Each structure stands twice: as structure tokens, then as C-alpha cells.
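Thanks for coming. I will go through one structure today, a few residues at a time, and finish with a pocket.

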Amino acid sequence: MAKKLVQLYYDVLSPYSWIGFETLCRYRQKWNVELRFCPFLLAGIMKGSENRPPGVVRAKARHMSKDLRRLSSYYSVPLNVISNMEETLFVKGSLSAQRLLTAIKMKSPHHLESVSRQLWLRIWSRDEDITRPESLQLACLAAGLTQQATDDLIGRIESQEVKEELKRTTQEALDLGAFGAPFIVAHIGGKKEEFFGSDRMELLAHTLGEKWEGPLVELKARL
């Protein structure tokens with residue numbers, strides 16, 4: 001049976017994207033899907049959809065801290081609350097990180113999963129920087145890239161080709177109806193089925209004609 005395509009649009013600035021990412025990685029063989037990673041710019045999604053991130057709404061921000069602790073325990077993903085969330089999310093942002101992931105998607109796609117995971121570990125597990133070139137370099141090296149490959153990819157961050165591809169992917173997601181992250185698109189029978197959030201996996205499984213069996217902690221990646 002041919003594999004069904006599932007696209008995951010994500011930004012490492014989003015902790016919920018990390019949950020969705022790890023969940024889909026655990027299920028891709030069980031559900032027999034082709035999982036395609038599509039890094040986009042969450043800031044562009046929020047602006048283009050006229051949405052507001054939960055961190056700027058006081059009640060949502062308070063709930064988010066509790067929610068992340070529960071998700072971390074349930075999915076066995078080492079999420080931790082960032083010490084200065086406002087600066088990390090709204091001042092520093094993720095532009096350089098998402099451009100790096102875009103460059104990897106274009107030039108070395110087999111490393112996209114591992115580098116994405118290392119960036120999430122930096123920002124959402126160890127409360128480390130993901131904006132400076134040396135931080136991006138450490139993430140690439142931790143993911144198993146050589147120094148030469150790392151230098152080449154980081155050197156592409158400011159290229160027009162990479163900038164345009166990130167813009168294109170972000171606009172593509174907006175055109176599909178994205179208003180936050182993660183945004184998931186399942187291609188089924190020639191149609192596209194869109195899902196928002198990491199908490200729609202039961203519905204995704206149902207739409208794919210598959211079974212949801214919980215977080216599958218036993219299949220988790222080494223983090």
C-alpha cells in the first residue's frame with residue numbers, strides 16, 4: 001500500500017510543535033505515512049493570520065506553563081518553561097533558526113529531523129540560545145553534521161534563495177489556512193485535510209484510517 005503524505009509545518013519557537021513533531025515521528029511507521037517536515041516562520045503566520053500568540057495573553061501564558069509540564073510528562077519530551085519567555089519568544093525569535101532549517105531542507109534534508117530536535121532541546125529543554133551563529137553551529141554538530149557541512153549550511157542562512165524558500169513555505173501554510181503551529185496537512189485520496197495543534201492526533205489517525213494508541217513513549221527518540 002502506498003504511503004500517505006503528512007506534512008508538518010512547524011517552528012522551533014513553538015513547544016507544541018515539538019510535541020507534534022515527536023508524536024508524528026513515533027507514528028510514521030505504524031501509520032505507514034511519508035512524514036515531510038516543512039519549517040516555516042511562526043511570526044509570519046501570526047501576522048498573516050492576524051492571530052495573537054498565547055504568550056501575550058496573561059491568562060493563556062499562566063496556563064501554558066502548567067500545560068507544558070503536563071505534556072512533558074505525558075509524552076516523555078523534556079520540555080521546560082523558559083526563564084525569560086517574553087525576550088526569547090518576542091525579542092530574539094527564531095528567524096535564524098528557521099532559515100537554517102530551511103537551508104537544511106534544501107541541501108541536506110536527511111538531517112532536518114535531527115537538527116530540528118537539537119534546536120528544540122536547546123530552547124525548550126535547556127533554555128539556551130538559538131539565534132547566534134555559534135548556537136546554531138552547536139545544534140548542527142550535536143545532530144551529527146560535520147564541521148564543513150555545518151559551516152556551509154550556516155553560511156547559506158543569509159542567501160536570497162533560503163530567505164525566499166522560507167517565505168514561500170510560510171505563505172503556503174497561510175494559504176492552506178494556518179494560524180499557528182504546529183499545522184498538519186494530510187493528503188488523502190487527492191484531498192488535503194488540515195489540522196491545527198499537537199492535540200488533534202486522534203482526529204488525524206481517524207482521518208488516515210489508523211488507530212491512535214497514545215503517546216507511544218516506548219518509541220521515543222533518544223533525547
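T88 touches L13, I82, G93 and I123, leaving out residues up to four places away in sequence. Keep in mind throughout that this is a predicted model. T88 sits in helix α4, and with a relative accessibility of 14% T88 counts as buried. The cut-off for buried is under 20%.

Now the rest of that helix. Which residues of α4 are buried? They are M85, T88 and L89. Those three span an arc of only 90° around the axis, which puts them on the same side of α4. As a reminder, an α-helix has 3.6 residues a turn, so residues three or four places apart point the same way. On the face turned away from the buried side, α4 carries the exposed residues E86 and V91. The cover over the buried residues of α4 includes α3 and also α6, which runs over residues 112-125.

Next, the end of the helix. α4 is followed by G93. The phi of G93 is positive, near 70°. G93 is also one of the residues that T88 touches.

Then comes S94, placed in the loop between α4 and α5. Is S94 buried or exposed? S94 is buried, because its relative accessible area is 4% and the limit for buried is 20%. The side chain of S94 makes a polar contact with the side chain of D11, at 2.8 Å. Setting aside neighbours within four places in sequence, the contacts of S94 are D11, L13, L41 and I130. L13 also appears among the contacts of T88.

Moving on to α5, residues 95-107, where T102 is found. T102 has 0% relative accessibility and so counts as buried. What does T102 touch, not counting residues up to four places away in sequence? The answer is P39, V162, E165 and L166. Within the helix region, a polar atom of the T102 side chain lies 2.7 Å from the backbone oxygen of Q98. T102 and T169 are 67 residues apart along the chain, and their C-alpha atoms are separated by 9.2 Å.

For contrast, take G55. The C-alpha atoms of G55 and T102 are 25 Å apart in space, with their positions 47 residues apart in sequence. G55 lies in the loop between α2 and α3. G55 is partly exposed, at a relative accessible area of 26%. Apart from residues up to four places away in sequence, G55 touches A61 and F90.

Last, the pocket. What is the volume of the largest pocket? About 1,000 Å³. The largest pocket is lined by 41 residues. Nearest its centre lie S14, Y16, P54, A181 and F196. Several helices each supply at least two residues of the lining: α1 (15-27), α2 (42-49), α3 (58-75), α4 (85-92) and α10 (201-208). Which helix gives the most? That is α3, with eight residues. By class, the lining has 24 nonpolar, nine polar and eight charged residues.

To tie two parts together: α4 supplies at least two residues of that lining, and α3, which gives the most to the lining, is also part of what covers the buried residues of α4. I will stop there and take questions.

Technical notes:
Residues are numbered from 1 along each chain as its sequence is written. This is a predicted model: local features need pLDDT of at least 70, side-chain atom pairs count only at pLDDT 80 or more; totals for chains, interfaces and linings use all residues. Side-chain values use heavy atoms; hydrogens and water are left out. On a 1 Å grid over the protein atoms alone, a cavity is a set of points where a 1.4 Å probe fits but cannot get out, and a pocket is an open set with protein on both sides within 12 Å along at least five of seven lines; lining residues have an atom within 4 Å of a point. Grid points are joined across faces, edges and corners, and a volume is the space filled by probe spheres set on the points. Helices (H or I, at least four residues) and strands (E, at least two) are DSSP runs, numbered from the N terminus. Ala, Val, Leu, Ile, Met, Phe, Trp, Tyr, Cys and Pro count as nonpolar, Asp, Glu, Lys and Arg as charged, and the others, Gly among them, as polar. Buried means under 20% relative accessible area, exposed over 50%, partly exposed in between (1.4 Å probe, protein chains only). The arc is that of the directions from the helix axis to the C-beta atoms. Contact means heavy atoms within 4.5 Å. A polar contact is a pair of N or O atoms within 3.5 Å; within protein, one must be able to donate a hydrogen and the other to accept it, and residues adjacent in sequence count only if both atoms are side-chain atoms.
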